[in-house]
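Biologist: I've got this model open and I'd like a close look at one stretch of it, then at the part of the fold you'd go to next. Keep it chatty, but give me the cut-offs as you go.

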Amino acid sequence: MTDPITVFTARRIHTMDPSLPEATAIAVRDGRIIEVGNLESLQPWLTRHEHRIDDRFAEQVLVPGLIDPHVHPSMMAGLLACEWITGEDWDLPECHVPAVIGAEAFMDRVRDLEAGLPDGEPLVAYGHHPQFHGPIHRSMLDAVSTTRPIIIWPRGYHEFRCNGAALTWLNAEEGAAWDPYIDLESGRMWESGMAWGMRVLNRHLLGGGRIERHLAGIAGMIHRGGVTTVCDAGFGIGGPDRDVATFEALYGDASTPFRLYLIPSVMIFRSLYGDDAQERMATMAAASDGRIRHLHAAKFFADGSFMSQLSQLGEPGFIDGHTGAWMTDPDRLVHEMRPSWEEGRQINIHVTGDGGLQTTLDAIETLLHETPRFDHRTVIQHFALSTQAQVRRLAALGCAVQGNGYYMHQFGDVMVDEWLGTERAGQITRVGSARRNGVSVALHSDLPMGPIKPLLGASLLATRSTSSGRVPAPSECLTPYDAMAAVTIEAAWQLRLDHEIGSLAAGKLADMTVLDADPFEMDPAGWPDIGIPATIRGGQVHEIDAATRT
C-alpha cells in the first residue's frame, strides 16, 4: 500500500529541467516525485488519490537539492582535531575561526597554542599559507619548542612543516632515506613524504572516538549548506573499511538529511592491497547494504596541490622558477588508470596545473585508442590552471570539469606577484570557456579546501570576484543558470546520477532545497546571503535551526 501524496507548494519552483523550467507545486509519494506543475495541473492525480497539501513553503522558493560532488569527510574530521590558523574566516561545527593575517600574527598564535598545551601533547595547527603568513621553516618552530612535536599543516593540505621533535615523532629520518619529498633541514614533508608521516599522525588525530564526533559535526555543516547529496571523491583516508563502517553508522540512517556516495581512491587502495586493489574495491562495493552507495568510479591523482604551489605548470612555469610535484609519475599515469578504465569505471583525476592537465589528457587519449569507450564522463577534478587549447581538447575527448570557485576568490590576487603573473592568475578556473566548448561544468567545495556552501561557490563562479573585489577575465564567468546547474543537474550528471537527482521531474527522487529568496531574481553576488530554512530528502522535510544557519 502506497503512502498518500504530499503536495508542496511554493512561490516558485525552479526545476532545472528545460522542458518545464518553473512551477508552483510538486507532488511527492514514497520518496519520489509524482508530478511537477501547479495545483490545477496536478488535479488528474489529486482527484484520484489521497493527498495532503503542505504549504509551509508557500512564500519561499524550491530548487533541486544542492549537490557537492567532491568532499572529504574523513579528511575534514582529521583537521577538526587540529588547531586552525587560517588566512580566512571559517565557521566550524564547534566554533568560528577568525582570519589571522601576517607572519608575526601567525607565529604569535602558534606560541600561544603551544603554551596552553599539557606536557607531551603534540601541537598540530592547520591553515598556514605563505602568501598570508610568510615562509615557515623548521628553525622557526624549533624556536618555539625543541621537545614538543609541532606540525604546521599548510592550507593546501598536501604537506607538513615540522620542528625537530615532530620529525622524530613521524619517523621522518627513516622516510628521508628513500623519499625525495622529505627535507629534514627545512622540516618539510610533502606529497609522498606527507603520506609517510600520516601513518603516525592519523592514529593521533582519529583515535579515541574523535572521528565519530567530528563526522557528526560535518553532517551539520552539510545540512546548513542546503546540500542533499555529497560524494566522497577519494574515500579511504581514514582507512577504507573504517571509513565505510563509520559512514554507515553515522550517515546511513533514513533520518540523515543528505545522501552519501563513495568513489574509492585507487592510490590508497593500491598502497594497502597492492595488486588486489581492483578486486578489493569491487568486493567492498558488492558487500555494501546500499545505505551508503558506492559508485562505479575511481579517483586518481596527477600533480600536486594548487594552494601549496605544487601544481605542475607548462611554460613559462612559476615566476620564482620552482617546479611542482607529481603525485603519480607521469610515465605511470596510464598504467595506474588502465585497470579501472577497462573495468568501465568512471575516471576522476585530481589535476591542478596545465602541465598536469597535459599529461592527463595524453593518458585519456591513449586509453581511448586502446579501449574505446562512449559516454565515459571522465572528470577533471579542480581544473585550476589550463590553456584554451586544453579546454578544446578535453571537450573533444569527452571529459567534464569540476571547478572550485574558492580558488579565484581566495587566491586570484595573491598568486599574481610571486607565482603566476597577472594573465594566468586571472584565468584560474577557466569555466566560461569550458561551457562555450560544450563541456559539463560542476562545482565542488573539496571540503576542507573550501566551505561546503554551494550557493557561495556558485556565486563565485558566476562573478569571479577576488577577495579584493577585482573581476579578472570576466568572460570566464558562468551565466547564473550555468552556475546553479553546476551545483544541481551538472553535478548529478557527472556522478551519473542525473536520472535520480539534480532536477525536479516526475519519477526522480524528491530531493529539494528551500530558499528564502529567488536566486534568478537577484545578482549572483547576493546568493551567499540567501537563507536556507530547510531541505527535503525523499519527500521528508529537514528543517535547519535558524540559530545555526551560516
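Modeller: Start with helix 9, whose buried residues (under 20% relative accessible area, with a 1.4 Å probe and protein chains only) are Ile211, His214, Leu215, Gly217, Ile218, Ala219, Met221, Ile222, His223 and Arg224. Bear in mind that this is a predicted model, where local features need pLDDT of at least 70 and side-chain atom pairs count only at pLDDT 80 or more, while totals for chains, interfaces and linings use all residues. Numbering starts from 1 along each chain as its sequence is written, and side-chain values use heavy atoms, without hydrogens or water.

Helices and strands here are DSSP runs (H or I for at least four residues, E for at least two), numbered from the N terminus. Helix 9 covers residues 210-224, and its 15 residues should span 21 Å at 1.5 Å a residue (taken times one less than the number of residues); the C-alpha atoms at its ends are 22 Å apart, so the two agree. Look just past helix 9 and you'll find glycine 226, with a positive phi of about 80°.

Now swing over to the sheet. Six strands make an open, mixed sheet in the order 7-10-11-12-14-13. Its edges are strand 7 (83-84) and strand 13 (182-183); each has a single partner strand, so each has one side without a neighbour in the sheet. Strands count as paired when DSSP finds at least two bridges between them.

Which strand would I zoom in on? Strand 12, residues 159-162, which runs antiparallel to strand 11 (residues 150-154) over two bridges. Here isoleucine 151 of strand 11 faces cysteine 162 of strand 12, and isoleucine 152 has arginine 161 as its bridge partner. Strands 11 and 12 make a hairpin with four residues between them, and in that turn tyrosine 157 takes a positive phi of about 75°.

Strand 12 also has strand 14 (residues 188-190) as an antiparallel partner, this time over three bridges. On that side, phenylalanine 160 sits opposite methionine 189 in strand 14.

What about the side chains of strand 12? In a regular strand, side chains alternate between the two faces of the sheet. In strand 12, Glu159 and Arg161 point one way, Phe160 and Cys162 point the other way, and all are buried. So with strand 12 you're looking at charged names and nonpolar names alike under that cut-off, Glu159 and Phe160 among them.

Phe160 turns up again in the largest nonpolar core (buried Ala, Val, Leu, Ile, Met, Phe, Trp, Tyr and Cys joined through side-chain atoms within 4.5 Å). That core has 121 residues, and Trp153 and Phe160 touch the most other members. Helix 8 gives this core its largest share, seven residues. There's also a second, separate core of 16 residues, with Ala23, Val28, Ala534 and Ile536 among its members. As a general point, nonpolar side chains in soluble globular proteins tend to be buried together.

If you're stepping through on screen, go from helix 9 to glycine 226 just after it, then to the hairpin of strands 11 and 12, and finish on Phe160, with methionine 189 opposite in strand 14.

Technical notes: Buried means under 20% relative accessible area, exposed over 50%, partly exposed in between (1.4 Å probe, protein chains only).
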